[in-house]
Amino acid sequence: ANTGKFQFTRLYRGSRQHHRDVVRCDISSNRLPMSIPEVRLSCSSPASSGSDRRSIPVLGMGTGVLPFTPDQRAKMKLAILQAIELGYRHFDTATLYLSEEALGEAVAEAMQAGLISSRAELFITSKLWCSDAHHDLVLPAIRQSLRNLKLDYLDLYLIHWPISLKPGAFRFPVKCDDILPLDLRSIWEAMEECQRLGLTKSIGVSNFTRKKIVELLDIAIIPPAVNQVVELNPVWQQNKLREFCEEKGIHVTAYSPLGGQSLSLGRNLVLESQVLKDIAEAKGKTVAQVVSLRWIYEQGVSMVVKTLNKERIEENTKIFDWELSDEDRHKISQIPQCKRVSIRSLLSTEESSKRLDLPGIVLIRLLLLLLLLLLLLCDKIKIGYYKNNGCCQLGGNWDII
């Protein structure tokens, strides 16, 4: 009996970007596994031909579970193997997550078990941590990631955050005293060298604003293929950023799109949204794994979802055989927007309060500065106090009694 696998493609046109479904069939089981669409990355090396350019699966599995304890390593490997068996092909890791070795071991076991026939079936993303965001440390960092993963190349390598830390300051949360200015030009030159050397198929950024991307595009020879953002969901839709990136040919990936990254702030506004709850109930779906993810998919955005639970890993795939109505989309577009995550999220509570959480102090200083400017503009005002009549008189030069 033929126990091999075959694949075919079909084009999905339900969003602003066309998605290419890669459907893998296990002939021996006569079963059609789940289908995960892919998006072609438009930004790549100038020397790349159309056949060279990579496609990124729109649904990926994240491995950023912090803190990453030894007992989670085994759970992570098992979850990755289960995801591969279900049809996941995109896996996201980073130096910070300490999960590269577990992912590499799971990939090796998946090939040995016949779940995949080769490394080429997978799309592996890793990220440059801020303490390695220095020109001379980028190449050593990606090579260390490849050693951890036991791979010859990455599909995508990202600058994790638009900041640098002191070399060797590998700790999380970040201390303010370790933060250094980001030399974007020299770091991106090193990222481009990673791609030229074949250490990664594509390069990109993570958590970059429009302003930072403009700065990067002004100096880049190879433009970023992807901007992965830690907060993109129906409660913070990032319309302007998404439109800007689409205009520039930069694909957007939503990291932790179910709002879990804001749990440290006490509430998950995605899961609490009454609008999403009502839509989910009407459709017989769940808010988290279906309605929110389906909305993200329809925006032409890929997503990386974090869970080690097999049922949720499978449930997250059940977003491709139905769609939101126009009324649903309109209701979601009217959800009040609330930004919850920023660079301050990298800091401990104490550090954030001490150094970066200063909006009140900044406002007071601005008001004092405006007051001083007003007084300087009125340098001809004379204030005189006359004891005999208890009144003030204006005029002439400063004369305060």
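Begin by selecting helix H5 (210–219). In this predicted model, H5 supplies four residues to the lining of the second largest pocket, the largest share of that lining.

**The second largest pocket**

Next, add helix H6 (239–247) to the selection; H5 and H6 each supply at least two residues of this lining. The space in the pocket amounts to about 540 Å³. Which residues, of the 23 that line the pocket, are the closest to its centre? They are Phe208, Thr209, Gln238, Leu241 and Lys339. Colour the lining by class, and nine nonpolar, seven polar and seven charged residues can be picked out.

Keep glutamine 238 selected. This residue is found in the loop between strand E12 (226–229) and H6. Its phi is near 55°, a positive value in a residue other than glycine.

**The whole protein**

Now select the protein in full and show its secondary structure. There are 13 helices and 16 strands. Of the 401 residues, 48% are buried. Consider the contacts between residues at least 6 apart in sequence: 66% of them join residues at least 24 apart.

**Helix H1**

Select residues 70–86, which form helix H1. A simple check can be made here. With 17 residues at 1.5 Å a residue, H1 should span 24 Å, and because its end C-alpha atoms are 25 Å apart, the expectation and the model agree.

Which residues of H1 are buried? Among them are Gln72, Met76, Lys77, Ala79 and Ile80. Further along H1, Leu81, Gln82, Ala83, Ile84 and Leu86 are buried as well. To see what the buried residues of H1 pack against, display strand E5 (59–62), strand E6 (90–92), helix H2 (100–113) and helix H10 (310–315).

Move on to glycine 87, which follows H1 and has a positive phi, near 120°.

**The nonpolar cores**

Select tyrosine 88. Tyr88 belongs to the largest nonpolar core, a group of 89 residues. Together with Phe91, Leu128, Ile159, Met191 and Met303, Tyr88 touches the most other members of this core. Helix H9 (residues 287–298) gives the core its largest share, eight residues.

Where does tyrosine 88 make contact, leaving aside its neighbours within four places in sequence? Its contacts include Met34, Ile36, Leu59, Gly60 and Met61. Ala83, Ile313, Asn316 and Thr317 are also in contact with tyrosine 88.

A second core, separate from the largest, has 14 residues; Ala94, Cys130, Val230 and Val304 are included in this second core.

**Lysine 150**

Turn to the loop between helix H3 (135–149) and strand E8 (154–159), where lysine 150 has its place. Is lysine 150 buried or exposed? Its relative accessibility is 62%, and as the cut-off for exposed is over 50%, lysine 150 counts as exposed. Lysine 150 has a positive phi near 60°, although it is a residue other than glycine.

**Valine 270**

End the tour at valine 270, which lies in helix H7 (residues 269–272). At 2% relative accessibility, valine 270 counts as buried, since buried means under 20%. Not counting residues up to four places away in sequence, valine 270 touches Asn233, Val235, Leu258, Gly259, Leu276, Val287 and Ser292.

Finally, select tryptophan 236 together with valine 270. These two residues are 34 residues apart along the chain, and a distance of 9.1 Å separates their C-alpha atoms.

Key. Residues numbered from 1 in each chain as written. Predicted model: local features only at pLDDT ≥ 70, side-chain atom pairs only at ≥ 80, totals over all residues. Heavy atoms only, no water. Core = buried A, V, L, I, M, F, W, Y, C linked by side-chain atoms within 4.5 Å. Buried < 20%, exposed > 50% of the residue type's maximum accessible area, 1.4 Å probe, protein only. Contact = heavy atoms within 4.5 Å. 1 Å grid on protein atoms, 1.4 Å probe; cavity = no way out; pocket = protein on both sides within 12 Å on 5 of 7 lines; lining within 4 Å. Points joined across faces, edges and corners; volume = space filled by probe spheres on them. Nonpolar A, V, L, I, M, F, W, Y, C, P; charged D, E, K, R; others polar. Expected span 1.5 Å × (residues − 1).
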